[in-house]
Amino acid sequence: MNFRYKLSQFLYGRYISYGIDLLTGVLLITCIVLSVLNILISQIFLPLGIVIDLVETGLIVWMFFRLLSKNIQKRQAENRPFLNAFNKIKSSFELKQKMKREKETHIYKKCPHCSVILRLPRKPGEHNVNCPRCKNNFKVKVK
């Protein structure tokens, strides 16, 4: 039998056949960064290089365990909280970029009741604002 057929039979039904998810990609990038860091640090301070080596090896083992696992539901359940955390961080960075871009035309204020961030036009004076989420009414001063 040829190698390709054996490999496809081995990978059939495993998590890797669904593609590489974000958690596995982050593990891979972390391993690459640790490898480069290890090359630089191990020449200066060997014990720290050994610790980085151990962490890197653990991450590689975890990554391959995830990729070759047949329990797809558990791997997806592992990825879900990571995606939630990643999306929160990503959305906060996107909001900060949007705030920088629109600082001349809009201001962003937090609702005192539900803490949602509201985008308001930059018109000087005192305005009454109605929160679309909680329907709370509050005043905002714009300079």
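I take a surface patch of the nonpolar kind to be made of residues with over 30% relative accessible area and no salt bridge, with nonpolar side chains joined within 5 Å. I note that the model is predicted.

Entry 1, nonpolar surface patch. I looked up which residues meet this definition together, and I found Phe3, Leu7, Phe10, Ile16, Ile60, Phe64 and Leu68. Their accessible area together is about 620 Å². I then traced the patch to its elements: α1 (3-11) and α3 (46-68) each supply at least two of its residues. I examined Phe64 individually and placed this residue in helix α3. Its relative accessible area is 44%, and because exposed requires over 50% and buried under 20%, I record Phe64 as partly exposed.

Entry 2, nonpolar core. I turned next to the interior. The largest nonpolar core has 10 residues in all: Ile107, Cys111, Val116, Leu118, Leu120, Val129, Cys131, Phe138, Val140 and Val142. I find that β2 (117-121) and β4 are the elements that give two or more residues to this core. Strand β4 contributes the largest share, three residues. I add as background that nonpolar side chains in soluble globular proteins tend to be buried together.

Entry 3, positive surface patch. I looked up the charged surface and found a positive patch formed by Lys109, Arg122, Lys141 and Lys143. I located Lys141 in strand β4, which spans residues 137-142. Lys141 has 64% relative accessibility, so I count this residue as exposed. I therefore record that β4 holds the exposed Lys141 and also supplies three residues of the largest nonpolar core.

How values were computed:
Residues numbered from 1 in each chain as written. Predicted model: local features only at pLDDT ≥ 70, side-chain atom pairs only at ≥ 80, totals over all residues. Heavy atoms only, no water. Patch = residues over 30% accessible without salt bridge, like charges linked within 9 Å, V, L, I, M, F, W, Y side chains within 5 Å. Areas by Shrake-Rupley, 256 points an atom, 1.4 Å probe, with all protein chains shown as cover. Salt bridge = Lys/Arg side-chain N within 4 Å of Asp/Glu carboxyl O. Lys, Arg positive; Asp, Glu negative; His and termini not counted. Charge placed at Lys NZ, Arg CZ, Asp CG, Glu CD. Helix = DSSP H or I, 4+ residues; strand = E, 2+ residues; numbered from the N terminus. Buried < 20%, exposed > 50% of the residue type's maximum accessible area, 1.4 Å probe, protein only. Core = buried A, V, L, I, M, F, W, Y, C linked by side-chain atoms within 4.5 Å.
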